[in-house]
Amino acid sequence: MIDFDPGTAAPTKGTMQRNGGDLVVETLAALGARTVFGIPGQHALGLFDALSRSPLHFVSSRVENNAAFAADGYSRATGEVGVLFLSTGPGALTALAGLQEAYATGVPMIVVASQIPLEGLGARRKGMLHQLDDQKASAANVTKSQRLIQHASGIPSAIQDAWTEAVSSPQGPVWIEVPQNVLLDPIFVPAVEDALAEPFDNPPRVELVREAVKWLAAAERPAIVAGGGVRRGNATAALLSIAEKLNAPVVCTPGGNGAFPWHHELSLQSWVEDRYVTEVLEDADVLVVIGSSLGEVSSNYFTMEPRGRIIQIDAEPRVLESNRPALGIRADAGQALSALDAALDASLSADANWHGATPAAVVKETLAKVHARLDGQDLALERKFMADIREAVPADMQTFWDMTISAYWGWSCWDSRAGQFHSAQGAGGLGYGFPAAIGGSLGLQGQGKPSRVLAVAGDGSAMYSIAELATARQHDAPVTWLIVDDGGYGILREYMVGAFGKATHTELARPDFVKLAEAFGVPARRVSAENVGDALREGFAADGPNVVVVDVLLKMFGPTHLDI
């Protein structure tokens, strides 16, 4: 046995014999994990010692919440499972906001948190370092399930089961706890040689597909809302086929950005916050909603009032009919759309008729109205700024957006082209963009793919993740970080002025971001808004991390949900 100091619960001597920590990393490697994110902690030392005997690559963040964001970004960028190691108590709790984003967005992750020794678990308060009454209960709101492993022999099966759950739709993070002594005690369990975790099948019910096809075959004005589930279900090809068969306009939610070709004649793009687009969806006689709850943003802040019937497809049963009565089909988006595509007649498109207009004409007219509305506002600076960023970013580059005015514009106007658009709209917490981009870039690098990515943040959200400049430098992550500095929480300032006539406590003292980045050894420059494109192109051509700071006050386009 490994001895413990009763005052600190720290191991006082080690052993060369394999232990529970080895079982954890061996199982993860056998399941296909390549990279682990996290921060060492006293009860978790067995995990980190085992990493020294493992092929797994470890990325050390500086704050646990950012480590969770990094694992999230890694998974989104690579399509692999993100793996996160946490220490007990404060370390585990600090990661919860990051896990909320992964849970809300359906990102598959394995979270391995250490625990106090077994003898301290239960209702007794022994006063052990980091002790919580029920640590895993704290994760119940932000993970699919929680497991406590009490014996080393149970580690491989528990992790394999957790991995299966994480990758099964609806995907998401799964929490595993391993007490300190289970990680450190010598074991006689053979080394893990292979492990298999296949996602559970989640097909649609046959009678529901049949009923949906009846509705769609009789529809004159079908329309489609494509949410994040389409991307997670790898269903973009089936969506395109169905849209063309139905001749149905398609709008993508922020999470669904990229699920449908931006410049297709049926594409309403991502203008879900625009009343003109909302009116098209309201006028549909059958509205197909895939991988979306029709929640706050995707329903234009609950102002959308569909007059036709709704078919809602989602892997998460709690989403179905959560906001609107519908023919609810609980299924993986990929499997459901494949089934619908196979069942739909290719000749249906001839039946589409929007009060005498073709669907393509309705889409063209609607987008023209959207842009005319923007033309009527003083938004030339904002529109050029976003256009300059778009033109500077290579077509296949992945981008990661924090909760900031630029991202809110991006939700509606960003054409992701051949890249992927990732934002924190699932839970809406600050600090996501930069650490997620670090995880994404390192993951792409590990896959041998082009790994330069863009992170976008405001000055307020940047301060949540500023410590990760050290992580980016330590791991030489190819991330270009654009910080849009407007002197405070810009969107909250705008909301408060609009609601109360003045803003209170939205202004921020902040550092010189250029000097701060340089103090971490990260090249940085400050530019004017009109030079943002050139600055980004220079950053993309460089090696390792770099920062571009722009001093500019951006406004949001006028909210249309307040005009009705």
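In which helix is Asp72 found? The residue belongs to helix α3, and the report returns to its surroundings below. The structure discussed here is a predicted model.

## Overall architecture

The secondary structure of the chain amounts to 22 helices and 17 strands. The radius of gyration is 25 Å, close to the 24 Å that the globule rule gives for 564 residues, so the chain is as compact as a globular protein of that length. Along the principal axes, the C-alpha atoms fill a box of roughly 80 × 60 × 45 Å.

Contacts within the chain often span long stretches of sequence: among those between residues at least 6 apart, 73% join residues at least 24 apart.

## Surface and charge

Of the 564 residues, 59% count as buried. The chain exposes about 21700 Å², and carbon and sulfur atoms supply 53% of that area.

There are 43 positive and 64 negative side chains in the chain. The centres of these two sets lie 1 Å apart.

## Nonpolar cores

The largest nonpolar core comprises 106 residues, and those with the most contacts inside it are Leu84, Phe385, Trp481 and Leu482. Helix α3 (residues 64–78) supplies the largest share of this core, namely seven residues. Apart from this core lies another, of 37 residues, which includes Val112, Ala162, Val174 and Ile176.

Leaving aside neighbours within four places in sequence, Leu84 is in contact with Ala67, Ala68 and Ala71, as well as with Phe37, Gly38, Leu99, Met109, Ile110, Val111 and Val112.

## Asp72 and its surroundings

Helix α3 also carries Asp72. This acidic residue has 0% relative accessibility and therefore counts as buried, the cut-off for that class being under 20%. Not counting residues up to four places away in sequence, Asp72 touches Glu101, Ala102, Val107, Met109 and Tyr432. Met109 is thus a contact of Asp72 and also of Leu84.

## A covered helix and an exposed helix residue

Helix α16 (residues 405–413) is mostly covered, with eight of its nine residues buried. The buried residues are Ile405, Ser406, Ala407, Tyr408, Trp409, Gly410, Trp411 and Ser412.

Ala519, in helix α21 (residues 513–519), counts as exposed because its relative accessibility is 66%, where the class requires over 50%. The C-alpha atoms of Ala519 and Leu184 are separated by 38 Å, and these residues are 335 residues apart along the chain.

## Backbone geometry in loops

Most residues other than glycine have a negative phi, and most peptide bonds are trans. Several loop positions merit mention against that background.

A cis peptide bond, with omega of about 0°, joins Ser169 and Pro170. Pro170 is found in the loop between α7 (155–167) and β6 (173–179).

His355 is not a glycine, yet has a positive phi of about 55°. His355 lies in the loop between α13 (333–343) and α14 (359–375), and its relative accessibility of 59% means that it counts as exposed. Asp476, likewise not a glycine, has a positive phi of about 50°. The loop between α19 (468–474) and β15 (479–485) contains Asp476, which counts as partly exposed because its relative accessibility is 38%.

Conventions. Residues are numbered from 1 along each chain as its sequence is written. This is a predicted model: local features need pLDDT of at least 70, side-chain atom pairs count only at pLDDT 80 or more; totals for chains, interfaces and linings use all residues. Side-chain values use heavy atoms; hydrogens and water are left out. Helices (H or I, at least four residues) and strands (E, at least two) are DSSP runs, numbered from the N terminus. The radius of gyration is taken over C-alpha atoms; the globule rule is 2.2 Å times the number of residues to the power 0.38. Buried means under 20% relative accessible area, exposed over 50%, partly exposed in between (1.4 Å probe, protein chains only). Contact means heavy atoms within 4.5 Å. Accessible areas come from the Shrake-Rupley method with a 1.4 Å probe; for residues, only the protein chains shown count as cover. Lys and Arg count as positive and Asp and Glu as negative; His and the chain ends are not counted. The place of a charge is taken as NZ of Lys, CZ of Arg, CG of Asp or CD of Glu. A nonpolar core is a set of buried Ala, Val, Leu, Ile, Met, Phe, Trp, Tyr and Cys residues joined through side-chain atoms within 4.5 Å.
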